[in-house]
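Let's take a walk through this model together, beginning at one residue and working outwards. Please open the structure in your viewer and follow along.

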Amino acid sequence: MKKVFAVAAATIGFVALSGCATVINGTSQDYQIESSPEGAKAVLSSGESCTTPCEISLKRRNDISVSFDLAGYKSETVLVQSRTGGAGVGNILLGGVIGAGVDASNGSMNSLYPRPLRIKLAADGSSEEAILLDKKDETISTVAAHNEKVRADVEEGIAKQKAKAEKKAKD
């Protein structure tokens with residue numbers, strides 16, 4: 001009888017932990033977009049747009065690009081990468097293969113980077129470059145350097161998302 005109870009308890013625990021990041025994180029995240037100066041129009045490759053500062057709910061698994069436009073400043077585009085976060089490691093340790101599979105398939109163990117998206121725009125006619133800032137207003141990198149680093153991965157992700165959306169529209 002004790003064996004049956006132990007097996008049942010282990011099974012319930014395993015199922016409860018499967019998809020752990022899905023339960024904790026969800027498949028979407030509130031994504032903050034800020035610019036210095038404020039008031040830039042931000043247009044996302046996913047079709048959404050807003051005026052900075054703003055917050056948009058985005059799917060964690062989708063790579064995107066965000067284009068900024070503000071009179072008197074150079075237009076700029078930032079590539080936003082979906083990355084596997086710490087939830088993935090914890091899920092493998094606690095939830096096992098099934099939990100990791102569930103979370104990997106729906107993107108819940110991913111986060112968008114940079115997060116938040118904070119950009120300092122460069123004035124028209126200046127030799128300055130737009131830069132990405134962290135939460136403490138410290139420079140992460142120039143937008144150009146960041147985009148070069150993640151370009152191949154993000155462009156591939158965006159292309160896959162478009163192909164999937166086109167296929168879904170046909171069906």
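Leu-132 is buried, with a relative accessible area of 1%. The model you are looking at is predicted, so that value, like the others here, is computed from predicted coordinates. Burial is assigned under 20% relative accessible area, which means that Leu-132, at 1%, falls in that class. Leu-132 belongs to strand E9, which covers residues 131-133.

Which residues surround Leu-132? Leaving aside residues up to four places away in sequence, Leu-132 touches Val-78, Pro-114, Leu-117, Arg-118, Ile-119, Glu-138, Thr-139, Ile-140, Ser-141, Val-143 and His-146. One of these, Ser-141, stands opposite Leu-132 in E10. You can also look across to Ser-35: it is 97 residues away from Leu-132 along the chain, yet their C-alpha atoms are separated by 9.3 Å.

Now zoom out to the sheet. It is an open sheet of 5 strands in the order E4-E1-E8-E9-E10, with mixed pairing. Strand E4 (54-59) and E10 stand at the edges with a single partner strand each, so one side of each has no neighbour in the sheet. On average, neighbouring strands of this sheet are turned by 30° against each other, direction ignored. As general background, strands of a sheet pair through backbone hydrogen bonds, in either a parallel or an antiparallel way.

At one end of that order, E1 and E4 run antiparallel and are joined by 6 bridges. Within this pairing, Ile-33 has Cys-54 of E4 as its bridge partner. Cys-54 also takes part in a disulfide with Cys-50, their sulfur atoms 2.0 Å apart. The structure holds 1 disulfide, and both Cys-50 and Cys-54 are buried.

At the other end, E9 and E10 run antiparallel too, joined by 3 bridges. These two strands make a hairpin with 5 residues between them, where Asp-137 takes a positive phi near 65°. Keep Asp-137 in view, as it comes up again with the charged side chains.

On the topic of charges, side chains of opposite charge can pair when their charged atoms come close. Select Arg-118, one of the residues that Leu-132 touches. Arg-118 forms a salt bridge with Glu-34, with the closest N and O atoms 2.7 Å apart. Arg-118 lies in strand E8 (residues 117-120) and Glu-34 in strand E1 (residues 28-36), so this pair ties together parts that are 84 residues apart in sequence. Arg-118 is buried, at a relative accessible area of 15%, while Glu-34 is partly exposed at 24%.

The side chain of Arg-118 also meets that of Asp-137 in a salt bridge, at 2.7 Å from N to O. Because Asp-137 sits in the loop between E9 and strand E10 (139-142) and Arg-118 in strand E8, the pair ties together parts that are 19 residues apart in sequence. Asp-137 counts as partly exposed, at 49% relative accessibility. Taken together, Glu-34, Arg-118 and Asp-137 are linked in a network of salt bridges.

What packs on the sheet? Helix H4 does, touching E8, E9 and E10, and its direction makes about 75° with that of E10. If you trace H4, you will find that it bends by about 65° at Arg-151. The buried residues of H4 are Val-143, His-146, Asn-147, Val-150, Val-154, Gly-157 and Ile-158. They pack against strand E5 (64-69), strand E6 (76-84), strand E7 (110-113), E8, E9 and E10. Two of the names should be familiar, since Val-143 and His-146 are among the contacts of Leu-132.

H4 also carries a salt bridge of its own, between Glu-156 and Lys-160, with the closest N and O atoms 3.1 Å apart. Both residues lie in helix H4 (residues 143-170), 4 residues apart, about one turn of the helix. How accessible are the two partners? Glu-156 counts as partly exposed, at 44% relative accessibility, whereas Lys-160 counts as exposed, at 54%. In the whole model, the count comes to 5 salt bridges, including the three pairs visited here.

How values were computed
Residues are numbered from 1 along each chain as its sequence is written. This is a predicted model: local features need pLDDT of at least 70, side-chain atom pairs count only at pLDDT 80 or more; totals for chains, interfaces and linings use all residues. Side-chain values use heavy atoms; hydrogens and water are left out. Buried means under 20% relative accessible area, exposed over 50%, partly exposed in between (1.4 Å probe, protein chains only). Contact means heavy atoms within 4.5 Å. A salt bridge is a side-chain nitrogen of Lys or Arg within 4 Å of a carboxyl oxygen of Asp or Glu. Two strands pair if DSSP finds at least two bridges between them. Axes are lines fitted to C-alpha atoms, for helices over the stretch in contact, and angles run from 0 to 180 degrees between N-to-C directions. A disulfide is a pair of cysteine sulfur atoms within 2.5 Å. The bend at a residue is the angle between axes fitted to the seven residues ending there and the seven starting there.
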